[in-house]
Amino acid sequence: TDTLPKPLVKIGGKPMIDWGLDCLEEAGVEKAVVNVHYLADQVEAHLESRSSPHIVFSDERALLLESGGGIIKALPLLGDNPFFLINSDTFWLEGEKANLSRLSEMFNSDSMDMLLMLVTPGQATGYEGKGDFSMDMNNRLRRPLPDETVPYVYAGAAIIHPRVFKGATAEPHSLNRQFNEAIAQGRLFGMPMQGQWLTVGTPDSIPAAEAVVRQRKPAA
């Protein structure tokens with residue numbers, strides 16, 4: 001990534017950012033807001049010709065705002081309705097039904113501020129950790145206790161209602177701040193994904209991801 005931004009690293013012959021955008025297109029999303037910072041010109045040039053979904057850029061060249069601040073900066077472009085969030089260094093191979101469609105069907109704006117797509121470690125490639133969340137029988141999430149290993153990992157995709165950012169400013173911070181606030185209100189929920197999840201955070205994780213893609217083509 002000294003000369004190539006991470007979202008343009010190819011897995012299975014496709015830049016990682018296109019795996020997520022293809023899922024959004026399949027889900028019927030018409031507009032996608034893409035945050036750019038590092039080597040932003042390359043990302044913009046790569047996506048210039050894409051028409052579905054239509055790409056709008058949120059420019060963070062001057063200051064990297066991280067996952068939380070980046071969304072707040074982009075809110076004027078996203079509007080007032082709930083929106084999908086997808087990380088650019090993870091993607092998934094679908095199961096029986098498209099996961100974004102499943103998220104959309106499950107999301108309830110009355111009771112949920114955020115609905116996160118979750119995986120178990122057995123579905124994950126490139127993940128090492130103790131998990132991120134436990135989930136109760138109503139799909140409500142909580143954080144692990146000290147030294148607790150929990151069964152679910154945040155899979156880098158979600159539906160978020162913009163009200164969770166009310167009063168917040170576009171300063172650098174992790175989206176974990178909003179996760180924790182939603183937990184405190186009992187409004188953070190999860191949905192176990194179907195299929196295989198691949199996270200490509202380092203060069204060492206590329207071969208394993210490539211192997212999974214070769215062995216298992218995405219559902220049509």
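Q: Why is Asn-99 called buried in this predicted model?
A: The relative accessible area of Asn-99 is 0%, and a residue counts as buried when that value is under 20%, so Asn-99, which lies in helix 4 (residues 99-106), is buried.

Q: What makes the approach of the side chain of Asn-99 to the backbone oxygen of Gln-194 a polar contact?
A: A polar atom of the Asn-99 side chain and the backbone oxygen of Gln-194 lie 2.8 Å from each other, while the cut-off for a pair of N or O atoms is within 3.5 Å. Gln-194 is also among the residues that Asn-99 touches, a list that includes Trp-92, Glu-94, Met-117, Met-191 and Met-193 and leaves out residues up to four places away in sequence.

Q: Why is Thr-125 called buried or exposed?
A: Thr-125, found in strand 8 (residues 124-125), has a relative accessible area of 10%, and since buried means under 20%, Thr-125 is therefore buried.

Q: What makes the pairing of the side chains of Thr-125 and Gln-196 a polar contact?
A: The two side chains meet at 3.1 Å, a value to be set against the limit of within 3.5 Å. Beyond residues up to four places away in sequence, Thr-125 touches Gln-196 together with Trp-197, Leu-198, Thr-199, Ala-208, Ala-209 and Val-212.

Q: Why is helix 1 called oblique to helix 2?
A: Helix 1 (residues 16-26) and helix 2 (residues 40-47) pack at an angle of about 45°, with their axes 12 Å apart. Angles under 35 degrees count as roughly parallel and those from 65 to 115 as roughly perpendicular, so an angle that falls in neither range, and is not over 145, makes helix 1 oblique to helix 2. The crossing of the two helices is right-handed.

Q: Which residues make the contact of helix 1 with helix 2, and how do they divide by character?
A: Helix 1 contributes Ile-17, Asp-18 and Leu-21, and helix 2 contributes Val-43, His-46 and Leu-47. These residues divide into four nonpolar, one polar and one charged.

Q: How do you know that helix 1 is largely enclosed by the rest of the structure?
A: Eight of the eleven residues of helix 1 are buried, and the helix is therefore largely enclosed. The buried residues are Met-16, Ile-17, Asp-18, Trp-19, Gly-20, Leu-21, Cys-23 and Leu-24.

Q: What follows helix 1, and what is the sign of its phi?
A: Helix 1 is followed by Gly-28, whose phi is positive, near 90°.

Methods. Residues numbered from 1 in each chain as written. Predicted model: local features only at pLDDT ≥ 70, side-chain atom pairs only at ≥ 80, totals over all residues. Heavy atoms only, no water. Axes fitted to C-alpha atoms, helices over the stretch in contact; angles between N-to-C directions. Helix = DSSP H or I, 4+ residues; strand = E, 2+ residues; numbered from the N terminus. Left-handed = near helix turned anticlockwise from the far one by under 90°. Contact = heavy atoms within 4.5 Å. Nonpolar A, V, L, I, M, F, W, Y, C, P; charged D, E, K, R; others polar. Buried < 20%, exposed > 50% of the residue type's maximum accessible area, 1.4 Å probe, protein only. Polar contact = N/O pair within 3.5 Å; in protein donor to acceptor, adjacent residues only side chain to side chain.
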